[in-house]
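Dear colleague,

I am passing on a structure that is new to you, and I would be glad if you looked at it before reading my notes. What I found in it follows below.

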Amino acid sequence: MFFDQEAVQFSYPPSLETGGRFTVDEIQELLSHIQSGDHYSMISPSSNSQGSIRAVYLTEDRKRKRMISNRESARRSRWRKKRHLEGLTDEVNRLGNENQELKNQLGMILHQVLVVSGENDRLRSEAISLLLRLSDLYQILSTPRRH
């Protein structure tokens, strides 16, 4: 802070005579300025430093806004990452369930294939047996009878 030397009637920094501390009179004068509302008149930046103070405030304000923006951006990024991970987890679970259902269906189909294959083998054997029997019957019918 910059102090107008005319508004403040004590030496600043505190004098070396008092060991680098404010005297009781200086403290009382400061308190009286603060209590009376004159503390704003004590701070009077020079015209040269007013622009630099404004620049410092603007820079600090930009830094603060950027920091808030970065925090918000990081929060949104963490939220998106969390949602993405939850989505992937849900998809893994769904695909795992679907995979199990497909395995169950495959097991049932393989069982049906075995049953049908066994039935097919039995029917082929029966067909061969019937063809042999039919052949025997044709042969019996085609042989002349002797009376």
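Tyr138 is a convenient place to start, and this residue sits in helix α3, which covers residues 47–142. Please keep in mind while reading that this is a predicted model. With a relative accessibility of 55%, Tyr138 counts as exposed, because the cut-off for that class is over 50%. Tyr138 also belongs to a nonpolar patch on the surface, which it forms with Leu131, Leu134, Leu137, Ile140 and Leu141, and the accessible area of these residues together is about 670 Å².

Turning to the chain as a whole, you will find three helices and zero strands, so that the pattern read along the sequence is α-α-α. Of its 147 residues, 6% count as buried, and the accessible surface of the protein chain comes to about 13400 Å², with carbon and sulfur atoms contributing 58% of that area. Among the contacts with a separation of 6 or more, 47% are accounted for by residues that lie 24 or more positions apart.

Charged side chains are the next topic. The count of salt bridges comes to nine, and I describe some of them here, including two that involve Asp61. In one of these, the side chains of Asp61 and Arg64 meet with a distance of 2.5 Å from N to O, and because the two residues are three apart in helix α3, about one helical turn separates them. Asp61 is partly exposed at 25% relative accessibility, and Arg64 is likewise classed as partly exposed, at 41%. Asp61 also forms a salt bridge with Lys65, where the closest N and O atoms are 3.4 Å apart; this pair, too, lies in helix α3, with four residues, or about one turn of the helix, between one position and the other.

A further salt bridge links Arg75 with Glu72, the closest N and O atoms being 2.3 Å apart, and both residues lie in helix α3, three residues apart, which is about one turn of the helix. Arg75 has a relative accessible area of 42% and is partly exposed, while Glu72 counts as partly exposed at 32% relative accessibility. Coming back to the earlier group, Asp61, Arg64 and Lys65 are joined into one network by salt bridges that share partners.

With best regards

Definitions and conventions. Residues numbered from 1 in each chain as written. Predicted model: local features only at pLDDT ≥ 70, side-chain atom pairs only at ≥ 80, totals over all residues. Heavy atoms only, no water. Patch = residues over 30% accessible without salt bridge, like charges linked within 9 Å, V, L, I, M, F, W, Y side chains within 5 Å. Areas by Shrake-Rupley, 256 points an atom, 1.4 Å probe, with all protein chains shown as cover. Salt bridge = Lys/Arg side-chain N within 4 Å of Asp/Glu carboxyl O. Buried < 20%, exposed > 50% of the residue type's maximum accessible area, 1.4 Å probe, protein only. Contact = heavy atoms within 4.5 Å.
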